[in-house]
Every structure is written in C-alpha cells, then in structure tokens.
Amino acid sequence: MEKDKDIVLQVENLQTSFFTEDGELKAVNDVSFSIEKGQSLGIVGESGSGKSITSLSILRLLTGTTGKIIGGKILFKGEDLTTFSEKKMQSIRGNRISMIFQEPMTSLNPTITIGEQIAEVIRGHQKKDRKSAWEDAVKMLSGVGIPEPEKRAKQYPFQLSGGMRQRVMIAIAISCQPELLIADEPTTALDVTIQAQILSLIKKIQRRSGGALVMITHDLGVIAETCDAVAVMYCGKIVEYASVAELFESPKHPYTMGLLNSIPSHETDSEEDLYIIDGQVPSPYELPNGCLFAPRCPYAKEICQNALPELLNLYGNRLVRCHMQQTEGRELEHDRWKSPSGS
C-alpha cells in the first residue's frame with residue numbers, strides 16, 4: 001500500500017504494558033489512529049484512561065520504568081519508531097517531535113536559567129554556537145509572548161508565574177520547529193484566562209508551522225477549542241473517534257455521552273442538576289470480560305457483559321466501540337444529552 005505523504009503519524013495497534021509485582025497492567029491496549037500534516041487530534045478521557053502513556057510511548061520515554069511497548073507500530077513519516085535505537089530517538093525528540101509537558105515547575109530544571117534551557121535544545125539539534133543559540137532562545141521567548149525576553153532569559157523557573165513557565169515549555173518544544181507537537185494537559189493548574197491564552201498560542205503556532213498537533217486532555221472544552229478530530233479513550237482503548245463537530249453534535253458511545261453530560265452549563269442551577277457517571281473506572285488488574293464500560297453503562301445488556309465489542313466504522317472515519325451500535329444498528333439516545341446548538 002502506498003504511503004500517504006501527508007500522514008505525519010500513524011499508530012497501529014499500539015500495546016503498552018507495565019509489569020509490576022501485581023502482574024501486567026495494560027495501559028494502552030490495541031490503539032490505532034493517524035494524524036495528517038496541519039491536523040490537530042484530541043485524545044480525551046478520565047485519569048488512567050491511557051492518554052499520557054500513549055504520548056510517552058510515541059516518544060519512547062518509558063525507559064527506566066516498568067513500562068514497555070509490547071506490540072504495534074508507531075509510524076512517523078513512514079518510519080517505525082519502535083525499531084529505532086535510543087541514539088536515533090534522541091535525534092527525533094525535541095527536534096522533529098516535541099512535547100509540552102503538563103507540569104512546567106517539575107519539568108523545568110530549577111538550577112538552570114530559562115534562556116539556557118531553550119538554548120541547550122537548539123545547540124543539541126541545530127548545532128549552533130552558544131551565542132547564536134542564546135539569541136534564538138531570546139527570540140523564542142518573545143515569540144511566545146513573554147515580555148522583556150532578554151531579562152526573562154536570565155531568570156530561573158521559580159521567578160516566573162505559572163502562565164509564563166508554561167510559555168517557556170512551549171518555547172522549548174517549538175524551538176526546532178517540530179513536524180509533530182504533543183501537548184499533554186498544557187493548561188493544568190492555570191486559571192481560565194491564562195488557559196485561553198495558552199490554547200490560542202498553541203493553535204497559532206500550529207497554523208504558522210503547518211505541523212500536526214496531538215492535544216491530550218480530560219477537558220472536552222479544550223478539545224472543542226483546539227482540535228479537528230477527537231479520540232475518546234477508556235481503560236486503554238479508543239471507544240469513539242470522530243470529528244469534533246460530529247462528536248459534540250451526535251455522540252455515539254455511552255461513555256462519550258456521559259462525559260459531555262458532566263460538563264456544567266449555564267442551565268445548571270443546583271448540585272442535583274450535575275450529571276455523574278455511575279460507578280468507577282475498573283482496576284487495570286481486574287478488567288471486565290466484556291465491554292470495559294459495561295459495569296457503568298445504562299444501556300448494557302447480556303452481550304456487553306460477555307464480549308468485548310470491536311471498533312466499528314459507522315461511516316467515513318466515524319468509529320465507535322459499542323455492541324448497541326453493532327447489533328441493533330440504531331442510535332442511542334441519552335435522556336440528558338443536548339448538543340451545543342440545543343438540537
């Protein structure tokens with residue numbers, strides 16, 4: 001099959017497990033998706049759904065942990081990253097694929113100035129001398145909207161606000177103009193105003209570079225604002241995949257419906273009005289035999305308890321992992337769900 005030159009990343013049947021004293025923990029279990037040049041894909045789900053482990057697997061950053069990629073392919077521009085040596089991966093990370101981590105205070109080195117941390121990446125991948133790399137670092141700080149970049153470049157992380165530290169993380173990530181940018185919860189712990197600024201900055205950078213973007217978050221509002229398509233994950237598997245417009249207009253999986261219903265709106269006038277998905281995420285060591293969401297699903301039937309549904313292609317690139325969609329061929333209608341347009 002001829003490779004699509006516009007596909008930047010293609011993940012095929014990715015499986016990543018952690019091996020502990022309690023046994024094997026399947027953090028990412030048979031996940032597949034692709035991203036084209038200029039496209040933005042959101043990966044959403046509750047904590048423990050496998051979102052961040054998927055991104056760490058793509059960058060092969062599980063070394064030194066009990067985690068290991070045990071199956072599947074990670075094709076970057078047609079080359080399988082799972083076959084790369086660590087030395088070759090070092091030439092990819094921070095250069096052709098970059099990641100914005102969710103905790104800038106712990107991701108940044110507290111003993112090195114902001115400017116030096118950016119310059120170090122530039123020197124390592126672009127082979128520039130110290131003076132040129134420092135000048136580029138200052139330009140990067142200016143480019144991400146940090147005032148007085150010459151002054152800030154000489155400061156340490158603790159001297160900057162949370163929003164500024166996150167901008168520094170973005171500057172580091174884009175310093176080598178990557179073809180793929182992964183943002184892992186980039187607005188965690190930021191107030192709403194700063195969050196909007198950071199999301200706007202990330203989208204602006206992506207449009208300017210023409211690269212691909214993976215946005216990892218538990219916040220569907222972030223997905224709606226920044227992404228073209230979205231993959232919903234639950235217990236290490238993708239349970240629904242759609243364009244953002246289709247997902248918000250007509251969710252197909254009961255879990256997606258529950259997530260959307262859990263979003264507070266201006267119509268919510270009391271605590272009783274807030275929707276809660278019943279039950280809790282099962283232990284990764286004791287996963288159900290059938291559909292992983294069945295114990296919490298209001299539509300679950302006997303087949304859901306006994307058999308894991310396949311990821312069904314409804315039409316085009318509209319995917320859902322649900323027996324009700326497969327066996328009955330009908331739309332599931334959630335009593336509470338309303339699209340943003342109110343239809």
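# Reading helices, sheets and buried loop residues

Me: Let me start at the end of a helix. Which residue follows H1, and is its phi positive or negative?

Reply: Bear in mind that this is a predicted model. H1 is followed by Arg60, and the phi of Arg60 is positive, near 55°.

Me: And H1 itself, is it mostly covered or mostly open?

Reply: Mostly covered: six of the eight residues in H1 are buried. Those are Lys51, Ile53, Thr54, Ser55, Ser57 and Ile58.

Me: How do I read a sheet, say the one with four strands?

Reply: Start with the general idea: strands of a sheet pair through backbone hydrogen bonds, and the pairing can be parallel or antiparallel. Here the four strands line up as S2-S1-S4-S5 in an open sheet, and the pairing is antiparallel. Strand S2 (23–36) and strand S5 (79–80) are at the edges with a single partner strand each, so one side of each has no neighbour in the sheet. What packs on this sheet is helix H1 (residues 51–58), which touches strand S1 (7–20), S2 and S4. The direction of H1 makes about 110° with that of S1.

Me: How many bridges join S4 to S5?

Reply: Two bridges, between strand S4 (residues 67–76) and S5, with the strands running antiparallel. As an example of residues facing each other, Phe76 stands opposite Glu79 in S5.

Me: What about the sheet with eight strands: in what order do they come?

Reply: The order is S6-S7-S8-S3-S9-S10-S12-S11, again an open sheet, but with mixed pairing. S6 and S11 are the edge strands, each pairing on one side only. From one strand to the next, the twist averages 20°. Helix H8 packs on this sheet and touches strand S3 (40–44), S6, S7 and strand S8 (212–217). The direction of H8 makes about 160° with that of S8.

Me: Can we zoom in on some pairs? How many bridges do S9 and S10 have?

Reply: Strand S9 (residues 229–234) and strand S10 (residues 237–243) are antiparallel, with six bridges. One residue to look up is Met233, whose bridge partner in S10 is Ile238.

Me: And how many residues lie between S11 and S12?

Reply: Two, and the pair makes a hairpin. Gly316 in the turn has a positive phi of about 55°. Strand S11 (residues 312–315) pairs with strand S12 (residues 318–320) in the antiparallel sense over three bridges. Within that pairing, Leu312 has Val320 as its bridge partner in S12.

Me: Back to helices. How far apart are the end C-alpha atoms of H5?

Reply: They're 20 Å apart. The 14 residues of H5 (residues 130–143) should span 20 Å at 1.5 Å a residue, so the two agree.

Me: Which residues of H5 are buried?

Reply: The general idea first: an α-helix has 3.6 residues a turn, so residues three or four places apart point the same way. In H5 the buried ones are Ala133, Asp136, Ala137, Val138, Met140 and Leu141. They pack against helix H4 (114–126), helix H6 (149–153) and helix H7 (162–174).

Me: At what angle do H4 and H5 pack?

Reply: About 120°, with the axes 8 Å apart. The crossing of H4 past H5 is right-handed. The H4 residues in the contact include Ile118, Ala119 and Ile122, and on the H5 side Trp134 and Met140 are among them.

Me: And what do I find at the two ends of H5?

Reply: At the start, a side-chain oxygen of Asp129 reaches to within 3.3 Å of the backbone nitrogen of Lys131. Afterwards comes Gly145, with a positive phi near 85°.

Me: Last topic: loop residues. Is Arg93 buried or exposed?

Reply: Buried: Arg93 has a relative accessible area of 16%, and the cut-off is under 20%. Arg93 lies in the loop between helix H2 (86–92) and strand S6 (97–100). Its side chain makes a polar contact with the side chain of Glu86, at 2.9 Å. Beyond residues up to four places away in sequence, Arg93 touches Leu59, Arg60, Leu61, Glu86 and His125. Pro178 is 85 residues from Arg93 in sequence, yet the C-alpha atoms are 9.0 Å apart in space.

Me: And where is Thr187?

Reply: In the loop between strand S7 (180–184) and helix H8 (192–209). Thr187 counts as buried, at 10% relative accessibility. The residues Thr187 touches, leaving out those up to four places away in sequence, are Gln166, Gln195, Ile198, Leu199 and Val222.

Key
Residues are numbered from 1 along each chain as its sequence is written. This is a predicted model: local features need pLDDT of at least 70, side-chain atom pairs count only at pLDDT 80 or more; totals for chains, interfaces and linings use all residues. Side-chain values use heavy atoms; hydrogens and water are left out. Two strands pair if DSSP finds at least two bridges between them. Contact means heavy atoms within 4.5 Å. Axes are lines fitted to C-alpha atoms, for helices over the stretch in contact, and angles run from 0 to 180 degrees between N-to-C directions. The expected span of a helix is 1.5 Å times one less than its number of residues. Buried means under 20% relative accessible area, exposed over 50%, partly exposed in between (1.4 Å probe, protein chains only). A polar contact is a pair of N or O atoms within 3.5 Å; within protein, one must be able to donate a hydrogen and the other to accept it, and residues adjacent in sequence count only if both atoms are side-chain atoms. A crossing is left-handed if the near helix is turned anticlockwise from the far one by less than a right angle, and right-handed if clockwise.
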